[in-house]
Amino acid sequence: MARGERIEIEHPDWCKNCGICVSVCPTDILIKGKKIVEIFDLEKCIGCHNCELICPDFVLKVVASDED
Amino acid sequence: MKTKIFKPEKRAVLLQGDQAVVEGALAAGVEFFAGYPITPASEIAEGFARELPKIGGKFLQMEDEIAGMAAVVGASLAGKKSITATSGPGFALKQENLGFATMVEAPLVVVNVQRVGPSTGLPTSPSQGDLMQTRWGRNGDQEIIALAPASVAESYELTIKAVNLSEKFRQPVVLLLDEVIGHLREKIYLNDSEEIEIINRKRPTADQDPKSYLPYQQTDDLIPPMADYGSGFKYHTSGLFHDQSGFPDGKKETAKLMQDRLHNKLHNNLEQIIFYQKDIRNDDRVAVLSYGSTARTAISAVNTGRKDNLKAGWFKLQTVWPFAEREVAKLAAQVETIIVPELNQGQLIREVERAVAGQARVLGINSYAGELIKPEAIRDLMEEVL
Amino acid sequence: METEKYLRMDKLPHIWCPGCGHGTILNSFIRAFTESDLDQDKTVVISGIGCSGRATGYLNFDTLHTTHGRAIAFATGVKMANPNLNVIVMTGDGDGTAIGGNHLIHAARRNIDLTVILFNNQIYGMTGGQFSPMTPPSDMATTAPYGNIDQNFDLAQLVEGAGGTFIARGATFDPRQLKRLYLAALKHKGFSFVESFSQCPVSYGRQNGSGDAVEMLKSQKKNTVDFKKWQQLSTEKKQLLYPLGILKEVDSPESEYTVRYKKIIAKANQEGAL
């Protein structure tokens with residue numbers, strides 16, 4: 001958590017569970033859930049924005065981490 | 001700012017009908033033309049190409065008729081009074097985007113200088129064959145306003161009226177000339193600019209909050225204020241049926257409400273839309289009902305007939321759509337016979353018969369292969385029925 | 001990021017299918033717009049019909065959802081009527097290269113200052129998977145049940161031949177590059193065109209055994225290469241890969257159409273003009 005930024009599921013209602021975000025995460029912290037994407041291990045998020053930038057449904061957002 | 005080539009002082013000029021359309025449009029405040037060359041309407045495009053840049057206006061020769069129509073709708077939404085011109089085959093190509101203009105309520109004018117169809121037909125011969133194409137050429141039900149000048153002077157006056165009606169009602173207006181009127185040269189008097197009534201579309205008021213702006217608001221007059229693109233309202237425009245906000249919601253009630261408003265905004269104001277001229281005496285037993293170039297023949301036949309004491313009068317429609325149903329019904333109560341000469345196989349006559357509803361006999365005279373109707377043909381029929 | 005400012009949040013979620021690349025294009029576009037210094041209130045976004053046509057409904061600008069294929073023609077009217085507006089067209093491969101192909105080449109020829117973003121998913125998605133002029137030969141489509149025999153366009157070459165002054169190609173597997181391309185296109189004075197590869201896992205993918213959206217993005221990556229690298233390739237290899245990046249950029253704002261028309265206005269107002 002060097003950069004103090006983490007992914008957040010900003011709009012869970014908009015997620016169509018396509019799995020694209022899961023495939024672009026370099027630290028494998030996202031998984032396809034039953035209905036929508038789920039964050040498996042937030043601690044490993046490096047705030048790279050890959051998932052946020054490619055998400056076709058504006059679901060994900062990298063935000064400043066509260067802990068920092 | 002330099003103004004029109006024909007100075008606005010009232011003066012006589014010798015003009016073609018097509019050129020008078022250009023003059024009328026400029027007088028009414030038109031600043032944008034987009035179109036495609038076609039006989040017998042090309043003189044209109046040529047006139048705008050020459051005149052519009054002089055007033056800082058824009059002329060576009062597009063890649064096809066469809067694009068010409070689309071560009072005019074775009075310009076109208078960007079806030080400019082806009083016009084295009086074509087003839088029958090091009091008018092057919094413009095129909096889809098004309099329906100779009102009706103749907104998004106974009107004020108604009110489409111000039112159709114009619115020639116003989118179907119298809120390429122007789123490009124340099126007159127016709128009134130597009131009367132029903134004007135009314136029903138698009139998919140779905142919808143109203144249209146169409147004016148039909150019978151002279152060069154009327155080409156000028158009715159173009160101004162067409163622009164004004166389009167702006168007033170947020171409604172595309174068709175101007176139906178025919179080849180004879182388009183190419184006819186007559187002396188006309190251009191008005192002083194202060195004599196001309198100019199109507200500009202209703203725009204949102206200065207204190208209108210963009211957040212609460214409804215581009216398709218159900219106002220009392222059924223004509224919503226229209227914001228120019230780029231004026232901060234950030235609204236959506238769509239050919240799908242839309243609610244007051246402009247967004248489609250897929251609901252049948254929304255479609256019904258909008259269909260009704262589009263219809264009623266015109267039908268509640270027919271007295272402002274339907275123009276006609278008539279000369280019917282109390283004891284006239286026959287009336288010749290016509291429009292466009294045919295009205296010239298009709299009036300001539302009636303005037304010479306009257307010299308021989310024929311009890312005949314004339315009724316000339318300047319607005320062909322919406323059809324002057326009440327006025328024609330009234331006429332039918334006055335006379336025994338209505339003669340409807342037309343340069344087609346009988347289009348307006350269907351509307352006349354519907355309005356007359358058996359109150360009078362309705363007879364057509366039709367020429368549909370490029371020949372004008374001769375006054376003698378009308379005279380003969382008048383004598384036959386009297 | 002202020003991206004939410006440019007979306008109509010109350011209209012989301014959008015109607016596009018799960019895994020559709022069109023949302024990634026919108027995502028990249030609003031990020032590009034955020035980085036540009038363009039005025040939101042002076043920007044009009046115009047679309048046609050089909051899946052791509054729905055883009056305008058979600059974008060918070062003056063937006064115009066036109067008839068099928070005609071977005072560029074409407075846009076030409078808007079831009080000419082008010083050249084101070086930024087005019088952006090969002091179209092699809094069916095909308096922009098079949099029914100609207102004529103308008104595309106003529107807008108490029110005029111070099112009018114429009115930014116055209118073409119969503120290329122190689123299929124008519126909304127109508128259920130018919131082949132478009134961008135569907136490659138031998139692919140399957142509901143109207144090519146024995147395989148497609150039509151050749152597809154090389155769109156970049158088509159627009160270049162027509163006279164476009166900014167031509168780029170990007171793909172949804174690389175949204176960072178897409179954003180850069182859109183930003184450069186928005187800044188370009190003249191006709192700018194960005195072909196944007198998008199995946200359609202439903203109407204295209206199912207018929208062609210392409211796998212899900214993730215698989216399709218992998219294929220995109222495999223079939224494309226950066227333009228600079230592509231230029232180094234042998235002629236044979238060039239045929240097999242699509243170059244991505246800015247493929248052509250000519251900086252000549254004076255040749256832009258509305259700029260040239262201003263000169264016509266000046267000419268018409270000179271003494272002794274017609």
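**Entry 1: an exposed loop residue in chain A**

I began with Asp28(A), which is exposed, having 11 other C-beta atoms within 10 Å. I note at once that this is a predicted model. I placed Asp28(A) in the loop between helix 1 (20–24) and strand 2 (30–32) of chain A, and I read its phi as near 55 degrees, a positive value in a residue other than glycine. I wrote this down because most residues other than glycine have a negative phi.

**Entry 2: a counterpart in chain C**

I then looked up Asn111(C), where phi is likewise near 55 degrees and positive in a residue other than glycine. Asn111(C) is found in the loop between helix 4 and strand 4 (114–120) of chain C. Is Asn111(C) buried or exposed? I have it as buried, since there are 25 C-beta neighbours inside 10 Å of Asn111(C), and a residue is buried if 20 or more other C-beta atoms lie within that distance.

**Entry 3: cis peptide bonds**

I turned next to the peptide bonds, bearing in mind that most peptide bonds are trans. In chain B, Trp321(B) and Pro322(B) are joined by a cis peptide bond, for which omega is about -5 degrees, and I located Pro322(B) in the loop between strand 14 (319–321) and helix 11 of chain B. In chain C, the bond from Leu12(C) to Pro13(C) is cis as well, with omega near 5 degrees, and Pro13(C) lies in the segment before helix 1 of chain C.

**Entry 4: two helices of chain B**

Since Pro322(B) sits in the loop that leads to helix 11 of chain B, I followed the chain into that helix. Helix 11 (residues 325–334) of chain B packs against helix 12 (residues 348–356) of chain B at an angle of about 65 degrees, and their axes are 8 Å apart. That makes helix 11 of chain B roughly perpendicular to helix 12 of chain B, and I recorded the crossing of these two helices as right-handed. On the side of helix 11 of chain B the residues that meet the partner are Glu325(B), Val328(B), Ala329(B) and Ala332(B), while helix 12 of chain B brings Val352(B), Ala355(B) and Val356(B). By class, this contact has six nonpolar residues, no polar and one charged.

**Entry 5: the start of chain B**

I also checked helix 1 (residues 17–27) of chain B, which is mostly covered, with 11 of its 11 residues buried. Among those buried residues I noted Asp18(B), Gln19(B) and Glu23(B), alongside others such as Val21(B), Val22(B) and Leu26(B). Helix 1 of chain B is followed by Gly29(B), whose phi is positive, near 100 degrees.

**Entry 6: two helices of chain C**

Coming back to chain C, I looked at helix 1 of chain C and helix 6 of chain C, which pack at an angle of about 50 degrees, with their axes 8 Å apart. That makes helix 1 of chain C oblique to helix 6 of chain C, and the crossing is right-handed. The contact includes Ile25(C), Phe29(C) and Phe33(C) from helix 1 of chain C, and Leu178(C), Tyr182(C) and Leu186(C) from helix 6 of chain C. I found that the residues of this contact divide into nine nonpolar, three polar and three charged.

**Entry 7: how the chains meet**

Which chains have the most contacts among the two pairs that touch? They are chains B and C, where 34 residues of chain C are in contact with 37 residues of chain B. On the side of chain C that touches chain B, helix 2 of chain C gives the most, with eight residues, and this side divides into 15 nonpolar, 15 polar and four charged residues.

For the other pair, 18 residues of chain C are in contact with 14 residues of chain A. Helix 1 (22–35), helix 6 (175–187) and helix 8 (213–222) of chain C each give two or more residues to the side that touches chain A, and the largest share, four residues, comes from helix 1 of chain C. I count this side by class as 10 nonpolar, six polar and two charged residues. No contact joins chain A and chain B, and their closest C-alpha atoms lie 19 Å apart.

**Entry 8: a record for chain C**

Last, I consulted UniProt, where an unreviewed entry carries the annotation "domain: Thiamine pyrophosphate enzyme TPP-binding" over residues 49–195 of chain C. In the model that span is 33% helix and 19% strand, and its end C-alpha atoms lie 17 Å apart.

Methods: Residues numbered from 1 in each chain as written. Chains lettered and ligands numbered in written order. Predicted model: local features only at pLDDT ≥ 70, side-chain atom pairs only at ≥ 80, totals over all residues. Contact = placed C-beta atoms within 7 Å. Nonpolar A, V, L, I, M, F, W, Y, C, P; charged D, E, K, R; others polar. UniProt positions renumbered as here; feature names shortened; annotations may be inferred. Buried ≥ 20, exposed ≤ 12 C-beta atoms within 10 Å, placed from the backbone. Axes fitted to C-alpha atoms, helices over the stretch in contact; angles between N-to-C directions. Parallel < 35°, antiparallel > 145°, perpendicular 65-115°, else oblique. Left-handed = near helix turned anticlockwise from the far one by under 90°.
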